[in-house]
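Here are some notes to keep beside you on a first look through this structure. Have the viewer open and click along as you read.

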Amino acid sequence: MIETIKILTESFGPSGRESKVREILIEMIKDHVDGYEVDKVGNLIAWKGNVGKPVVFVAHMDEIGIVVTNEIRGGFYRIEPVGGVSPYTALNRRYVLEDGTVGVVGMETETVQDAKKNMTNLSFDALYLDTFGKRVDISTFGVYDSYFYQNGDFLVSKAMDDRVSCAVLVEMVRRLKEPKRKFYIAFSIQEEVGLVGSSVLAYPLDVQEAIAIDVTDSADSPKSFKRHPMVIGKGPAIKIKDRYSISDKRIVDKLIKVAEDKGIPYQLEVLTFGGTDAAALMRTREGIPSATVSIPTRYIHTPNEVVGKDDVENTVRLLIEYVRAV
Ligand SMILES: [Zn+2]
């Protein structure tokens, strides 16, 4: 599974430009599912098994990024964030664009006062992308130029949000041979810009419940968020709530029961900000009861998102046992 995570996180796929990731995912799952389709907007949906009340597990394919807006002068460009990118995180980062161009984000610093002012209240207005003289087209998308790194139980890469969950779903269908209960896995588009893909992906599916798999804040570094209980290493986090939705209590209770019956470590999650595809799935059609299972992650939306190997493994186990149990 480590290799799957490496391949997926290192792939290029900011919101709205998910096609490469989708092609890789199709190759990874096609021999392990009963069928798959790509819907009109680009969500990838696959299914397995044929009896029972189906559940859909959803992970998003897209990652945060940037898009080139206009040229300042030869080789220097203005950029706009795609999804939740802090200008402080973008500053001095190396980016790779969809045409292969590599650039570095710099900040206008005409005077010392300017520099102080910009650093106190940094915005994308003061930033530019330096492509070292190479011309790029307006509207070119880019992502952090980062690579996968493993140190013991810690896995580090860009786009763990949410390709680590895509890897979980791939691993799930590889291991779950001939399931009794039918289930779907879905890889959504444009989650980072407003849960776009998940707003429509479940419309044609006759599903009884939906579970989003995503990353969540891990509050285990010095002076990390003091109202967050989630930490790396204690297992998948069964979400109680975030800012955009409250997980369906019946699904939460079932997840807890499955984890306890099978001896799978888990933790409960209350996130004081953020949201996942579950918020959109809950609003689909006449309403689909939805919940989220999260993987605790440090440094979310940076080139170095950190997850725990055991948490990922236990997330796969929890989802497999969930399908088997119901
Ligand atoms: Zn995200």
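The points below go through the zinc site, the open and closed spaces, and then some salt bridges.

1. A word before anything else: this is a predicted model. Please read every value here as computed from that model.

2. Start with the metal. The zinc ion is coordinated by Asp 161 through OD, by Glu 192 through two OE entries, and by His 301 through NE2, at 1.8 to 2.6 Å. If you look for a tidy geometry, you won't find one: the angles among the four donor atoms run from 54 to 148°, and the site is irregular. A tetrahedral label would need all angles between 85 and 135 degrees, so this site does not get it.

3. How are the donor residues spaced along the sequence? The pattern is D-x30-E-x108-H. Glu 192 and His 301 link distant parts of the chain, being 109 residues apart. Glu 192 sits in the loop between β12 (181-188) and β13, while His 301 sits in the loop between β16 (290-297) and β17 (305-308). Both of these residues are buried.

4. Next, the enclosed space. There is one cavity of 30 Å³ or more, with a volume of about 50 Å³. Two names from the zinc site turn up again here, as Asp 161 and His 301 are in the cavity lining, and both also coordinate the zinc ion. The rest of the lining is Glu 63, Ile 64, Tyr 144, Ala 159, Thr 302 and Glu 305. By class, that lining has three nonpolar, two polar and three charged residues.

5. The open space is worth a click too. The largest pocket has a volume of about 490 Å³ and 26 lining residues. Nearest its centre you'll see Glu 191, Tyr 244, Gly 274, Gly 275 and Thr 276. Which elements give two or more residues to this lining? They are β13 and α7 (278-281), and β13 provides the largest share, with four residues. The pocket lining is a mix of nine nonpolar, ten polar and seven charged residues.

6. Now the salt bridges, 21 of them in the structure. One to look up joins Glu 209 and Lys 254, at 2.9 Å from N to O. Glu 209 lies in strand β13 (residues 209-217) and Lys 254 in helix α6 (residues 249-262), so this pair ties together parts that are 45 residues apart in sequence. Are the two partners buried or partly exposed? Glu 209 is buried at 7% relative accessible area, whereas Lys 254 is partly exposed at 28%.

7. Compare that with a bridge inside one helix. Arg 174 pairs with Glu 171, their closest N and O atoms being 4.0 Å apart. The two residues are three apart in helix α5 (residues 160-175), which means about one helical turn separates them. Arg 174 is partly exposed at 26% relative accessibility, but Glu 171 is buried at 11%. The pair also belongs to a network of salt bridges that takes in Arg 175 and Glu 313.

8. Last one: Lys 239 and Asp 242 form a salt bridge, with the closest N and O atoms 3.1 Å apart. Both charged partners fall under the 20% cut-off for buried. Lys 239 comes out at 1% and Asp 242 at 2%.

How values were computed. Residues numbered from 1 in each chain as written. Predicted model: local features only at pLDDT ≥ 70, side-chain atom pairs only at ≥ 80, totals over all residues. Heavy atoms only, no water. Salt bridge = Lys/Arg side-chain N within 4 Å of Asp/Glu carboxyl O. Buried < 20%, exposed > 50% of the residue type's maximum accessible area, 1.4 Å probe, protein only. Donors = N, O, S within 2.8 Å, 3.2 Å for Na, K, Ca; no water. Tetrahedral: all angles 85-135°; square planar, octahedral: opposite > 155°, others 65-115°. 1 Å grid on protein atoms, 1.4 Å probe; cavity = no way out; pocket = protein on both sides within 12 Å on 5 of 7 lines; lining within 4 Å. Points joined across faces, edges and corners; volume = space filled by probe spheres on them. Nonpolar A, V, L, I, M, F, W, Y, C, P; charged D, E, K, R; others polar.
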